[in-house]
Amino acid sequence: MASVAAVPTTGCECVVVDDDPDICRLITHVLSGIGVSSLGLHSAAALEDALNGSHPSVIFLDVALGRWDAIDGIRILGQTSYRGAVQLISGKDPELVGAVKAIGEKHGLKMLEPLQKPFRSEHLRRIFEGPAIQVAEKAPAEQSTIPAPAKRRADAPPQIDLEEALACHWLDVAYQPKVDLVRNRVIGAEGLARVNHPHHGLLGPASFLPGASEAALRGLTAFVVRKALRDWDVLAAAGCNLKLAINAPIQMLLDPSLTEVVRETPAGKDWPGLIVEVTESEAVQELDLLFEAATQLRIYNVSLAIDDFGSGYSSFARLKQLPFSELKLDRSFVQNCANDALNAGICRSIVELASAHGATSVAEGVETAHDWTALVRMGCEVGQGYYFGRPMSVGRLIGRVAADED
Ligand code: G
Ligand code: MN
């Protein structure tokens, strides 16, 4: 059942959440001109206090609030069972703002049609001239449980304690070049976490992910994200503006700390954004929560790649609702796709799926020139694999890019 909230009249309260003081002032000024009192706030964090004991009819919520954003605001409003209307205001891509609106609705909030910046004062007035605001019956708040860690591919290598590796500063990130398959040029790189172990030598994730505690995974993800952001500065200073990708276990994407880490680092002027790769099999487990997390990350120019695609045998119909920018063909299909008709067929379908979704197709595990040529014929755009380069240090990556240009 839907109940009806009063249209704001004189004395009715609105809250305006915008980190730009000029926008805050403009909105509160226009509202006061039509007899609506309002309170301006500069972060989503201040919302909770502001809602204590007061029941604003409309909350104006900017999508990007510096170190906060509308999704933080939506979560607070959902948890406090706010029953008024939410008016998103933003200068961001309307499709992204639409996704934020959909998330608000999933939290049981009454979301008004978003207001695109720059807007005029009559647009604000019109909000209060419409019919009475229908407030949907609040759905009971869903518990957002963090799923148990899902197993990644592992080949029984030595097992070490991730917490110890973090504490001893054994962690590092190696970058594997991603190559434009047609032009044969490095266009990006995937950061792969490595442990430099004093006894076992260089170890990959299969040695330190299984059995890692949630705290250790959080530490690892924070380390890798910070390192990739710092390494981008190093690459950019050397004239290599590459878009970097990192891998994250799904529960880290669903953990607010990933967004915290991204927004604590101010982006350089030409920063092309960061890609976070999550495996297909993990992605399908928590689609709704992942949609929310991926949408929030998009606000900070962080996009999602579906890793190891094809190996999880999931229904693409379910995955396609996710806002991902890359589909990464699992290397089990890429290897020998030049000669194996079945592998070739699977690769071709994945390339078509990516293209239909407006996403980039990225082949993993390209090891031969034959497979490279076959992939180009299929229309696959990007490739990585030992044929183009093994995971390497930032210094070597700079050298690899320079060699392209010779
Ligand atoms: O899960 P993900 O696909 O991100 O795993 C990347 C891993 O694949 C890295 O550990 C990397 O060393 C390995 N890898 C990268 N390129 C190749 C390749 O061409 N062949 C094989 N067998 N492994 C590769
Ligand atoms: Mn990956």
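**Figure 1. Spacing and identity of the donors of the manganese ion (ligand 2).** Along the chain, the residues that supply donors to the manganese ion (ligand 2) follow the spacing E-x56-N-x29-E-x29-D. In this predicted model, the protein donors are Glu190 (OE), Asn247 (OD1), Glu277 (OE) and Asp307 (OD), at 2.0 to 2.4 Å from the ion. Glu277 belongs to strand 15 (residues 274-279) and Asp307 to strand 16 (residues 302-309), so this pair ties together parts of the chain that are 30 residues apart in sequence. Both Glu277 and Asp307 are buried.

**Figure 2. Surroundings of Glu280 in helix 11.** Glu280 is found in helix 11, which spans residues 280-283. With a relative accessible area of 2%, Glu280 is buried; the cut-off for this class is under 20%. A polar atom of the Glu280 side chain lies 2.9 Å from the backbone nitrogen of Gly310. Leaving aside residues up to four places away in sequence, Glu280 touches Ile306, Asp307, Asp308, Phe309, Gly310, Ser311, Gly312, Tyr313, Ser314 and Leu319. Among these contacts is Asp307, which is also one of the protein donors of the manganese ion (ligand 2).

**Figure 3. Salt bridge between Glu326 and Lys178.** The structure holds 24 salt bridges, and one of them joins the side chains of Glu326 and Lys178, with an N to O distance of 2.8 Å. Glu326 lies in strand 17 (residues 324-329) and Lys178 in strand 11 (residues 171-180), so the salt bridge ties together parts that are 148 residues apart in sequence. Glu326 is buried, with a relative accessible area of 7%. Lys178 is likewise buried, its relative accessible area being 2%.

**Figure 4. Salt bridge between Glu364 and Lys328.** The side chains of Glu364 and Lys328 meet in a salt bridge with an N to O distance of 3.8 Å. The pair links distant parts of the chain, 36 residues apart: Lys328 is in strand 17, whereas Glu364 is in the loop between strand 18 (360-363) and helix 16 (369-378). Both Glu364 and Lys328 are buried.

**Figure 5. Salt bridge between Glu292 and Arg75, and the network around it.** Glu292 forms a salt bridge with Arg75, in which the closest N and O atoms are 2.7 Å apart. This pair links distant parts of the chain, with Glu292 in helix 12 (residues 287-298) and Arg75 in helix 3 (residues 70-79), 217 residues apart. The two partners fall into separate accessibility classes: Glu292, at 10% relative accessibility, counts as buried, whereas Arg75, at 23%, counts as partly exposed. Salt bridges that share partners join Asp69, Asp72, Arg75, Glu260, Arg263 and Glu292 into one network.

**Figure 6. Helix 3 and its two ends.** Helix 3 is mostly covered, as eight of its 10 residues are buried. The buried residues are Ala70, Ile71, Asp72, Gly73, Ile74, Ile76, Leu77 and Gly78. At the N-terminal end, Asp69 caps the helix, with a side-chain oxygen 2.8 Å from the backbone nitrogen of Ile71. Asp69 is also a member of the salt-bridge network that includes Asp72 and Arg75. After helix 3 comes Ser81, which has a positive phi, near 55°.

Notes: Residues are numbered from 1 along each chain as its sequence is written. Chains are lettered from A and ligands numbered from 1 in the order in which they are written. This is a predicted model: local features need pLDDT of at least 70, side-chain atom pairs count only at pLDDT 80 or more; totals for chains, interfaces and linings use all residues. Side-chain values use heavy atoms; hydrogens and water are left out. A salt bridge is a side-chain nitrogen of Lys or Arg within 4 Å of a carboxyl oxygen of Asp or Glu. Helices (H or I, at least four residues) and strands (E, at least two) are DSSP runs, numbered from the N terminus. Buried means under 20% relative accessible area, exposed over 50%, partly exposed in between (1.4 Å probe, protein chains only). Donors are N, O and S atoms within 2.8 Å of the metal (3.2 Å for Na, K and Ca); water is not among the atoms, so sites may look incomplete. A polar contact is a pair of N or O atoms within 3.5 Å; within protein, one must be able to donate a hydrogen and the other to accept it, and residues adjacent in sequence count only if both atoms are side-chain atoms. Contact means heavy atoms within 4.5 Å.
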